[in-house]
Amino acid sequence: MTPAVFEPATPLAPPSGRTTNDLIRQQNLASVLSMLHLRGALSRAQLGATIGLNRSTVTGLVMELTELGLVREVAAGERTGKVGRPTLDIEPEDHVAALSVRAEPHAVTVALVGLGGVVHARLRHDTASAPSPRRFVQIVASSVEAMRADIDRHYRVVGAGLAVPGLVNANGSVLVSPTLGWRRDPVAARLSDELGIQVSAGNDASIGALAESRFGVGVGVSNLLYLGGAMHSIGGGLIIDGTLLRGTSGYAGELGHTVVDPRGRTCVCGRKGCLEAEVRLDLLEPLLGRRKLDEDELDVELGVARDPRVLAEVTRQVEVLSLALTNFVNAFSPETVVLSGYLGALLSVSRERLAEAVRVHPLGADGRTIRLERAHLRSRLMLIGPAELAFADLLANPAGFRG
C-alpha cells in the first residue's frame, strides 16, 4: 500500500503550457518511481496491479524512467536464486542519492542515501557542545568534502535533507531549537549556499514519523503517532489520514512540551513538568554509572538492572510516559503508536505497562485496537528520514530531473 503522502496533488486544471495528458504522465511517472522507492524491485505486472495501470502503459513509463537514469531492470533470478528463464524486475537506481544531515546537541551526522533507502556512507562528527548555525554548516561542508571523491565518481546527488530538534518552518528556517540554542536562523539557506544544492529542513520527530510510515513499522498505516526520545528531548510526529500533520508554519507535533506535572522539573522551554523534562535519558545515566549510552547498550543495561534506584526511576518515567500516551491517543486516535530512541528502550523493558496505557485507558478503547510498536529503523531512522525531504521533488516530478 502506498501512503497518501506520496500521491501528488491533482490541480483543477493543467498549468499554463501543459496539457492534461502531460499532467497525467507526470503523475504516473511519480507513482511508478515512488512505488519502487518504497517497495524495491517489482515486476511490471506488480506495478500495474498496484497502481492501476495496464501493462503497455507501465512499460512506457519504465522505459522513460530508465532513460532518465532513475530505474533499472534486473533479472529476478539473480535476487531470488531461482533457476530457469529469468523474469525482469524493475528497481530504483540507488546511485541517485541525497545527502541526509542531522543536527544534535553533541554531534553532526551526514549520510549519503540512495533511492530505496539504501545508506551508502555515513560520517559522524562529535562536538563538545552544541555548534552555532555557522559552525554547523562548516562541519557539514567538511563532511561532504570528505565524501566528495566517492560522490563525484559514483553518485548523482539531487539535494539534501536536514533534521533539526526544534521548530522549523516551511522555508527551512529554525524558529527555535532549545537543545541547540538556535533561534530564528535560516539554516537551510545557509547550508544550501555552502553546498550548492537545494536543502530542505524539518523537525526531526516529524521526519522520524515520515520515515517509519514509509519504510518501517508504519507502512500501510493511515493514522500513526510517533514519539522519539533523545538524550535531552522528546519530539512527536503525526500521520493523519495518510498525510504528515504540519500545522501552522509546520510547527505541529511538539508533544514533548505537553505538561504532565505542573510542579515538576523546569523544561528548557521555561515551563515546568513538560514530558521531555520528566522522561529523559540523562536522568537515568548517572544511576547506571555510564555516559552516552547508545540505544542497543541501553537495552542491555535496563534489561539487567537490579539497582533499586534505577528501577525506581524507570518506573517513574514509565508512569509519566503512560499518562502522556493516554492523552495523545485520546486526542489523535491513531491506529499505531511508535516509540523510538530512548522511549523505544523504555518500551522494551516496560511493554505491558505502556501497552495498557494505549489499550485500556483511552475513551472508546473497547471499540478499537491500537498497536504499540518500537521503531523498526532504529539507527537508520535519522539517516533515511532526512533524505526523504530531499527526494520529495524528484518523486513528484521525475522528468524534471533530466541530465
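# Salt bridges, cores and a small sheet

User: In this predicted model, is Arg25 buried, partly exposed or exposed?

Analyst: The relative accessibility of Arg25 is 30%. Buried means under 20%, and exposed means over 50%. The value falls in between, so Arg25 counts as partly exposed.

User: Which residue meets Arg25 in a salt bridge, and in which helix does that partner lie?

Analyst: The side chains of Arg25 and Glu64 meet at 2.5 Å, N to O. Arg25 lies in helix H1 (residues 20-39), so the pair ties together parts that are 39 residues apart in sequence. Glu64 is buried, with a relative accessible area of 14%. The partner is Glu64, in helix H3.

User: What is the relative accessible area of Glu278, which pairs with Arg265?

Analyst: The salt bridge between Glu278 and Arg265 spans 3.0 Å, N to O. Glu278 lies in helix H8, and Arg265 lies in the loop between strand S13 and H8. Arg265 is partly exposed at 37%. Glu278 is buried, with a relative accessible area of 3%.

User: How many residues apart in sequence are the parts tied together by Asp299 and Arg378?

Analyst: The two side chains form a salt bridge at 3.3 Å, N to O. Asp299 lies in helix H10. Arg378 lies in the loop between strand S15 and helix H14. The pair therefore ties together parts whose separation in residues is 79.

User: Which residues do salt bridges with shared partners join into one network?

Analyst: The structure holds 21 salt bridges. Some share partners and link up into one network. Its members are Arg102, Glu104, Arg124 and Asp126.

User: Which element gives the most residues to the largest nonpolar core?

Analyst: This core has 36 residues. Leu227, Val279 and Val337 are among those that touch the most other members. Elements giving two or more residues include strand S11, strand S14 and helix H12. With 9 residues, the top contributor is H11.

User: How many residues make up the second, separate core?

Analyst: Val337, in the largest core, touches residues including Leu225, Leu325 and Ile370. The second core is separate and includes Leu70, Ile90, Val96 and Phe391. Its residue count is 29.

User: Which strands stand at the edges of the sheet S7-S8-S9?

Analyst: The sheet is open, with antiparallel pairing. S7 pairs with S8 over 2 bridges, and Val168 has Val174 as its bridge partner in S8. Each edge strand has a single partner strand, so one side is left without a neighbour in the sheet. The edge strands are S7 and S9.

Note on methods. Residues numbered from 1 in each chain as written. Predicted model: local features only at pLDDT ≥ 70, side-chain atom pairs only at ≥ 80, totals over all residues. Heavy atoms only, no water. Core = buried A, V, L, I, M, F, W, Y, C linked by side-chain atoms within 4.5 Å. Buried < 20%, exposed > 50% of the residue type's maximum accessible area, 1.4 Å probe, protein only. Helix = DSSP H or I, 4+ residues; strand = E, 2+ residues; numbered from the N terminus. Contact = heavy atoms within 4.5 Å. Pairing = 2+ DSSP bridges. Salt bridge = Lys/Arg side-chain N within 4 Å of Asp/Glu carboxyl O. Lists of a residue's contacts leave out its neighbours within four places in sequence.
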